[in-house]
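The following exercises introduce a protein structure through its ligand, its core and its backbone. Each task is followed by a solution that proceeds step by step.

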Amino acid sequence: MSFVLNEKIRNLTPYSPVEGEYAVRLDANESYFSLSEEILSEVKEAIGKVDFNRYPDPFASELCEAFSKFYGIDKNFVTAGNGSDELISVIMNAFLQKGDKVMTVTPDFSMYAFYASLAEAQCIDFFKTNLEFSVDNVIKEAKEQKIRVLIFSNPCNPTSLGVKREDMKRLISSLDCLVVLDEAYMDFWDESLINEAEKYDNLLILRTCSKAFGLAAMRLGFAVANKTITDVIRSVKSPYNVNSLSQAAGTVVLKHADYLKECTDSIKKSRDDLYKMITALSEKYKGKIKPVAPVTNFVYTEFEKAEELFEFLKTKGIAVRKMGTHLRISAGSEEENRAVCEGIDLFYKS
Ligand code: PMP
């Protein structure tokens, strides 16, 4: 007798982030701000008050309240997760049964299809044309295919483009499947539906503290939806999914609205600067570099010899994300943006 892995997990490999030491890390769309000294000392104080021998609050009530206040929404429609990544897994397990169809719009965040396959759902790709999709075509396809869950990021990782609020509303109200709108990068744009989530019976919005708020280490994500959907997520998630340290620290940070808005504005400026610098390089090396005008905290660019450029940047201590013929470069500090652009210039010069 021998133990045999089942089919859905047989060929999986553990997630491997970029390995090695890099002076410049622009590969994971993190914030280049860590916490200010003042907030950090408040965080330490809050962590000092945690009852380490007790399980966390299963509903992360104070944290959800701070999140709700920040966005001006009702806390009863908010559920916290161990990163939005965990919530994607919870959603797939909750709203899909074996064989149900999930639609993703490709290219998009790879974890959607991954968690859908673990939930034994059938994943249908809707392929974008020139990095964008027509809302009407997605509606048509989702109806024809009898999709149960439609999930995508808006603005999109990796394309850095977004769908406007009015188009999004039309999409949601034209469908009777669950629409999961991952707004991980919406703090860098202004077309959110977070304030209207509870009005729809089929909308679930995901947010994260890992991008604009610079809290990737704490693993804090949120689901926002009407009462029925919220109750499902709260019932399906593991009871103590967000640890007490992250709850305490996140509550402190989310109360600093002005600080978070300042950080977000600086990141937006850095993103615009990076885009301008890459655009200048695209004019210098005509036809070899094609950046997309972004609404996120990263710049997505098609490069001639993307693979070689990616490897070259690594030798200069710069990590970015390679995606086929494109590189996704997170907006960094002034020095980091300069370093990556100097690296690109050097590569094409030689
Ligand atoms: N959604 C999208 C679109 C993302 O790009 C990411 C992270 N790269 C996540 C969700 C996961 O974020 P978190 O850190 O909250 O798990």
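**Exercise 1. The ligand and its polar partners**

Task: Determine how far an oxygen atom of the ligand is from an N or O atom in the side chain of asparagine 157, and describe the surroundings of the ligand.

Solution.

Step 1. The model is a predicted one. In this model, the distance between an oxygen atom of the ligand and an N or O atom in the side chain of asparagine 157 is 2.8 Å.

Step 2. Two further side chains are to be added. A nitrogen atom of the ligand is 2.5 Å from a polar side-chain atom of aspartate 182. For tyrosine 185, an N or O atom of the side chain is 2.7 Å from an oxygen atom of the ligand. On its own the ligand has 400 Å² of accessible area, of which the protein covers 90%.

Step 3. The shell consists of 14 residues, and the closest of them are Asp182, Tyr185, Thr208, Ser210 and Arg219. Helix H4 (residues 83-95) supplies the largest share of this shell, namely 3 residues. The ligand is located in the largest pocket.

**Exercise 2. A threonine of the ligand shell**

Task: Establish whether threonine 208 is buried or exposed, and list what it touches.

Solution.

Step 1. Threonine 208 belongs to strand E7, and Thr208 is among the residues closest to the ligand.

Step 2. The relative accessible area of threonine 208 is 5%. Buried means under 20%, so threonine 208 is buried.

Step 3. When residues up to four places away in sequence are not counted, threonine 208 touches Ser84, Ala184, Asp187, Leu220 and Gly221. A polar atom of the threonine 208 side chain also lies 3.0 Å from the backbone nitrogen of serine 210.

**Exercise 3. The packing of helix H3**

Task: Identify which residues of helix H3 are buried and which elements they pack against.

Solution.

Step 1. Helix H3 covers residues 61-71, and its buried residues are Leu63, Cys64, Ala66, Phe67, Ser68, Phe70 and Tyr71.

Step 2. A general rule helps in reading such a list. Residues three or four places apart in an α-helix point the same way, because there are 3.6 residues a turn.

Step 3. The partners of the buried residues of H3 are three strands and two helices: E2 (78-82), E7 (203-208) and E8 (220-225), together with H9 (244-254) and H10 (257-284).

Step 4. Serine 68, a residue of H3, serves as an example. Serine 68 counts as buried because its relative accessibility is 3%. Apart from residues up to four places away in sequence, serine 68 touches Ile73, Asp74, Lys75 and Val78.

Step 5. The ends of the helix remain to be examined. Alanine 60 is in the loop between H2 and H3; its phi is positive, near 45 degrees, although the residue is not glycine. Alanine 60 counts as buried, at 2% relative accessibility. After H3 comes glycine 72, with a positive phi near 70 degrees.

**Exercise 4. Two cis peptide bonds and a threonine**

Task: State which residue is joined to proline 107 by a cis peptide bond, and relate this proline to threonine 159.

Solution.

Step 1. The residue is threonine 106, and omega of this cis bond is about 5 degrees. Proline 107 is placed in the loop between strand E3 (101-106) and helix H5 (111-118).

Step 2. A cis peptide bond also leads from asparagine 157 to proline 158, where omega is near 25 degrees. Proline 158 lies in the loop between E5 and H7.

Step 3. Threonine 159 is likewise in the loop between strand E5 (149-153) and helix H7 (165-174). Its relative accessible area is 0%, so threonine 159 is buried.

Step 4. Beyond its neighbours within four places in sequence, threonine 159 is in contact with Pro107, Lys128, Leu131, Val292 and Tyr300. Contact with Pro107 thus relates threonine 159 to the proline named in the task.

**Exercise 5. Exposed loop residues**

Task: Decide whether tyrosine 55 is buried or exposed, and treat alanine 217 in the same manner.

Solution.

Step 1. Tyrosine 55 is located in the loop between helix H2 (37-48) and H3. Exposed means over 50%; tyrosine 55 has a relative accessible area of 66% and is therefore exposed.

Step 2. Tyrosine 55 nevertheless touches Tyr240 and Ser244, with residues up to four places away in sequence left out.

Step 3. Alanine 217 is in the loop between E7 and E8. Its relative accessible area is 77%, so alanine 217 is exposed.

Technical notes. Residues are numbered from 1 along each chain as its sequence is written. This is a predicted model: local features need pLDDT of at least 70, side-chain atom pairs count only at pLDDT 80 or more; totals for chains, interfaces and linings use all residues. Side-chain values use heavy atoms; hydrogens and water are left out. Helices (H or I, at least four residues) and strands (E, at least two) are DSSP runs, numbered from the N terminus. Buried means under 20% relative accessible area, exposed over 50%, partly exposed in between (1.4 Å probe, protein chains only). Contact means heavy atoms within 4.5 Å. A residue is near a molecule or strand if one of its heavy atoms lies within 4 Å of it. A polar contact is a pair of N or O atoms within 3.5 Å; within protein, one must be able to donate a hydrogen and the other to accept it, and residues adjacent in sequence count only if both atoms are side-chain atoms. Accessible areas come from the Shrake-Rupley method with a 1.4 Å probe; for residues, only the protein chains shown count as cover. On a 1 Å grid over the protein atoms alone, a cavity is a set of points where a 1.4 Å probe fits but cannot get out, and a pocket is an open set with protein on both sides within 12 Å along at least five of seven lines; lining residues have an atom within 4 Å of a point. A molecule sits in a cavity or pocket if more than half of its atoms lie within 2 Å of its grid points.
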